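Trainee: I should like to go through this structure with you and learn on what grounds each feature receives its name. May we take the features in turn?

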Amino acid sequence: MTTTLSVDDMILQIDASGAPVRFEYVRGRMKWEMSPASRHQMTIRHIERSVRPSQRESECACFALADVLIRFPDPDQSLKRPDIAIFCAPPPAIDEALTIIPAAVIEVVSVGYEEKDLGPDGAPFYLTYGVREVLVVDPRLNTLRYYRPEHPMLTYSTPHTLTLECGCRVDVP
């Protein structure tokens with residue numbers, strides 16, 4: 001018997017198996033990377049724990065999820081897995097890919113996978129398909145790149161605390 005799986009189902013089954021790889025489907029191509037090293041994971045955890053509203057009465061709840069699968073509205077229905085996605089309202093608790101576009105995305109650069117975060121399928125992709133703010137952190141170079149539509153990229157040295165336009169504050173180690 002042959003079973004046909006959708007790309008979504010295949011990615012979710014690989015995730016459930018605990019395999020030490022992560023898959024994405026971007027612009028009609030499968031992409032994969034090995035599970036990240038400790039520096040990458042520690043940076044993500046530090047940033048995720050720091051996400052908070054910049055003011056008590058912020059309209060954005062600053063709900064952060066690490067490593068969540070998101071379907072984007074591009075022609076290929078790409079599935080990307082940002083290191084951290086920030087939503088202004090809690091997304092639904094489901095077992096499929098989310099279809100809600102986050103307000104902001106944070107990617108942490110890993111050795112050997114720089115092109116994934118710094119190339120055309122990184123910040124330019126996110127901004128084209130509705131993410132309003134993208135941060136790309138390089139913990140080895142102590143840099144933070146901040147991208148927004150119609151604005152020049154800003155670069156900061158880390159550690160740095162940044163207040164996002166969506167109303168969230170983020171501490172980058």
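Mentor: The discussion below takes up the disulfides, the sheets, the cavity and the pockets of a predicted model.

Trainee: What makes the link of Cys-60 and Cys-88 a disulfide?

Mentor: The criterion is a pair of cysteine sulfur atoms within 2.5 Å. For Cys-60 and Cys-88 the S to S distance is 2.2 Å, so the pair satisfies the cut-off of 2.5 Å. By this rule the count comes to two disulfides.

Trainee: Which handedness does the link of Cys-60 and Cys-88 have, and what does the pair tie together?

Mentor: The angle about the S-S bond is -95°, and the link is left-handed. Cys-60 sits in the loop between β3 and β4 (63-66), while Cys-88 belongs to the loop between β7 (84-87) and β8; the pair therefore ties together parts that are 28 residues apart in sequence.

Trainee: How do you know that β10 and β11 pair?

Mentor: Pairing requires at least two bridges between the strands. Strand β10 (residues 143-147) and strand β11 (residues 154-157) have four bridges, in the antiparallel sense, so the requirement of at least two is met. One of the bridges sets Tyr-146 against Leu-154 in β11. The hairpin of these strands has six residues between them, and there Glu-150 takes a positive phi near 60°.

Trainee: Why is the pairing in the sheet of six strands called mixed?

Mentor: Strands of a sheet pair through backbone hydrogen bonds, either parallel or antiparallel. The open sheet has the order β4-β7-β8-β9-β10-β11. Within this sheet, β8 and strand β9 (residues 133-138) pair in the parallel sense over five bridges, with Val-105 and Val-134 as bridge partners, whereas β10 and β11 are antiparallel. Both senses are therefore present, and the pairing is mixed.

Trainee: What makes β4 and β11 edge strands?

Mentor: Each of β4 and β11 has a single partner strand, so one side of each is left without a neighbour in the sheet. From one strand to the next, the twist averages 20°.

Trainee: Which strands does α2 lie across, and at what angle does α2 run to β8?

Mentor: Helix α2 lies across β4, β7, β8 and β9, and the angle to β8 is about 155°.

Trainee: What is the order of the sheet of three strands, and which strands stand at its edges?

Mentor: The order of this open sheet is β3-β13-β12, with antiparallel pairing. The edges are β3 (52-53) and β12 (160-163); each has a single partner strand, so one side of each lacks a neighbour in the sheet. Helix α2 (residues 38-50) packs on this sheet, touching β3 and β13, and its direction makes about 150° with that of β13.

Trainee: How do you know that β12 and β13 pair?

Mentor: Four bridges join β12 to strand β13 (residues 168-172), and at least two are needed; the strands therefore pair. In one of the bridges, Val-172 in β13 is the partner of His-160.

Trainee: How many cavities of 30 Å³ or more does a search of the whole structure find?

Mentor: The search finds one. The volume of the largest cavity is about 40 Å³. Among the residues that line the largest cavity are Glu-33, His-40, Asp-83, Tyr-113 and Lys-116. Two elements, β8 (104-108) and α3 (114-118), give two or more residues to this lining. By class, the lining of the largest cavity has two nonpolar, two polar and five charged residues.

Trainee: What is the volume of the largest pocket, and which residues lie nearest its centre?

Mentor: The largest pocket holds about 240 Å³ of space. Its lining has 15 residues, with Arg-22, Ser-35, Pro-36, Gln-41 and Asp-67 nearest the centre. Helix α2 gives the most to this lining, with four residues. The lining of the largest pocket divides into five nonpolar, three polar and seven charged residues.

Trainee: What is the make-up of the lining of the second largest pocket by class?

Mentor: There are 11 nonpolar, no polar and five charged residues in that lining. The second largest pocket has about 180 Å³ of space, and Val-68, Leu-69, Ile-94, Glu-96 and Leu-98 lie nearest its centre. Two or more lining residues come from each of α1 (7-17) and β4.

Notes. Residues numbered from 1 in each chain as written. Predicted model: local features only at pLDDT ≥ 70, side-chain atom pairs only at ≥ 80, totals over all residues. Heavy atoms only, no water. Contact = heavy atoms within 4.5 Å. Axes fitted to C-alpha atoms, helices over the stretch in contact; angles between N-to-C directions. 1 Å grid on protein atoms, 1.4 Å probe; cavity = no way out; pocket = protein on both sides within 12 Å on 5 of 7 lines; lining within 4 Å. Points joined across faces, edges and corners; volume = space filled by probe spheres on them. Nonpolar A, V, L, I, M, F, W, Y, C, P; charged D, E, K, R; others polar.
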